[in-house]
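Student: Could you take me through the charged pairs in this protein, and then on to the pockets they lead to? I would like one connected walk that I can follow on screen.

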Amino acid sequence: MARKAVATKAKTQSNVPEFTKEQDLEAYREMLLIRRFEEKAGQMYGMGLIGGFCHLYIGQEAVVTGITMASEKGKDAQITGYRDHGHMLVMGLDPKGVMAELTGRQGGLSKGKGGSMHMFSNEHRFYGGNGIVGAQVSLGAGLAFAAKYKGDGSVSLAYFGDGAANQGQVYETFNMAKLWNLPVVFVIENNKYAMGTSIERAAATTDFSMRGASFNIPGEQVDGMDVRMVYDAAKRAIEHARSGKGPFILEMLTYRYRGHSMSDPAKYRSKDEVTKYRQERDPIEQVKARLLDGGFQTEEDLKKIENDIRAIVTEAADFATNDPEPAASELWTDITISA
């Protein structure tokens, strides 16, 4: 399908790409793991087992799932902000290590010292979990610079939200990324409310796929609630970056069901709006319906997947509850001191 030179709108439903049974099953498992993990994290936060901030990804699962399916695992780098649990799970990090980091235990991915917002795995090429709004964008370009310098053929996938999209460092990064034609895909997860202000009130231009126009960076607006649309757009964007054509912007139109963080009552939107998205646009229910309607899976098959996922999450929660806290001596490790 022909696309505009700079930006395109989300495809119409008549042009939705088809998934195979295997792709739908993979997407279903991955998104369901994120959903059940995040629900359990929310419960544990309410019980006082998770301290500090905790930003849940419930509702946005199709974005990271579709993009990761389109990427080369173990090769392409990913970096995001503080809404990061789902990204790590899809990239293959151990759910026990993710949950233990939330509870501040020694078996956590950052040894219990980073918490919900600061997790990292060089082995899986996941570089955070960054607590400073928009900081991951420039770091993501740095990962792309390293990829180009080494000539390893990898692509950097840098996720940030509609709120972070208004940060000045984002546009400095866009300029450098295009100037040097870095292999980076900038993924704007537009969940419409940033921390709590609608995009209509916070942004002069609400089509974020156009934000790279002045730097000649192409962009595309994508239905981020449909994993097939995400995958299709991500395949093209990643190939664009990998082939040496430079950066690409993907605006994922998505929606979070919970507040900005667990401490946010989300009074800035109506319950009817949230309910409408849950009932009509839920990314997991869309895949479930396709699997059932196509005769690929039965209700019993999907129930078994559900039980398997719940067992994984329960094991992670038990580990994160009973694992010891890091020793006091860990306060002096993993730090840099300059004279």
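Tutor: Happily! The count comes to 19 salt bridges, and the model they come from is a predicted one. Side chains of opposite charge can pair when their charged atoms come close. Let's look at a few of them in turn.

Start with Asp226, which forms a salt bridge with Arg228; their closest N and O atoms are 2.9 Å apart. Are these two residues buried or exposed? Asp226 is buried, and Arg228 is buried as well.

Next, find helix 8, which covers residues 227–245 and holds both Arg236 and Asp232. The side chains of Arg236 and Asp232 meet in a salt bridge, at 3.0 Å from N to O. Along helix 8 the two residues are four apart, about one turn of the helix. Their surroundings can be read from the accessibility values. Arg236 has a relative accessible area of 22%, so it is partly exposed. Asp232 comes to 18%, and because buried means under 20%, Asp232 counts as buried.

Now turn to helix 11, where Lys304 and Asp308 are four residues apart, which means that about one helical turn separates them. Lys304 forms a salt bridge with Asp308, and the closest N and O atoms of the pair are 3.1 Å apart. Lys304 has a relative accessible area of 52%, so it counts as exposed. Asp308, at 37% relative accessibility, is partly exposed.

What about salt bridges that join up with one another? Arg36, Glu39, Glu306 and Arg310 are linked in a network of salt bridges. Keep Arg36 and Glu306 in view, as they take us on to a pocket.

The second largest pocket has a volume of about 190 Å³. It is lined by 14 residues, and those closest to its centre are Tyr28, Arg36, Glu285, Lys288 and Glu306. Three elements give two or more residues to this lining: helix 1 (21–46), helix 10 (283–293) and helix 11 (299–322). Helix 1 provides the largest share, with five residues. By residue type, the lining of the second largest pocket has ten charged residues, four nonpolar ones and no polar ones.

For the other pocket, a word on how such spaces are found: rolling a probe the size of a water molecule over the atoms shows where empty space is left. The largest pocket has a volume of about 330 Å³. Among the 22 residues that line the largest pocket, Tyr82, Arg83, Phe160, Gly161 and His260 are the closest to its centre. Strand 3, residues 156–161, contributes the largest share of this lining, three residues. The lining of the largest pocket divides into ten polar, nine nonpolar and three charged residues.

One last stop, if you are still with me: Ser198. You will find Ser198 in the loop that runs between strand 4 (184–190) and helix 7 (199–202). With a relative accessibility of 15%, Ser198 counts as buried. Setting aside neighbours within four places in sequence, Ser198 is in contact with Lys192 and Tyr193.

Note on methods: Residues are numbered from 1 along each chain as its sequence is written. This is a predicted model: local features need pLDDT of at least 70, side-chain atom pairs count only at pLDDT 80 or more; totals for chains, interfaces and linings use all residues. Side-chain values use heavy atoms; hydrogens and water are left out. Buried means under 20% relative accessible area, exposed over 50%, partly exposed in between (1.4 Å probe, protein chains only). Contact means heavy atoms within 4.5 Å. On a 1 Å grid over the protein atoms alone, a cavity is a set of points where a 1.4 Å probe fits but cannot get out, and a pocket is an open set with protein on both sides within 12 Å along at least five of seven lines; lining residues have an atom within 4 Å of a point. Grid points are joined across faces, edges and corners, and a volume is the space filled by probe spheres set on the points. Ala, Val, Leu, Ile, Met, Phe, Trp, Tyr, Cys and Pro count as nonpolar, Asp, Glu, Lys and Arg as charged, and the others, Gly among them, as polar. A salt bridge is a side-chain nitrogen of Lys or Arg within 4 Å of a carboxyl oxygen of Asp or Glu.
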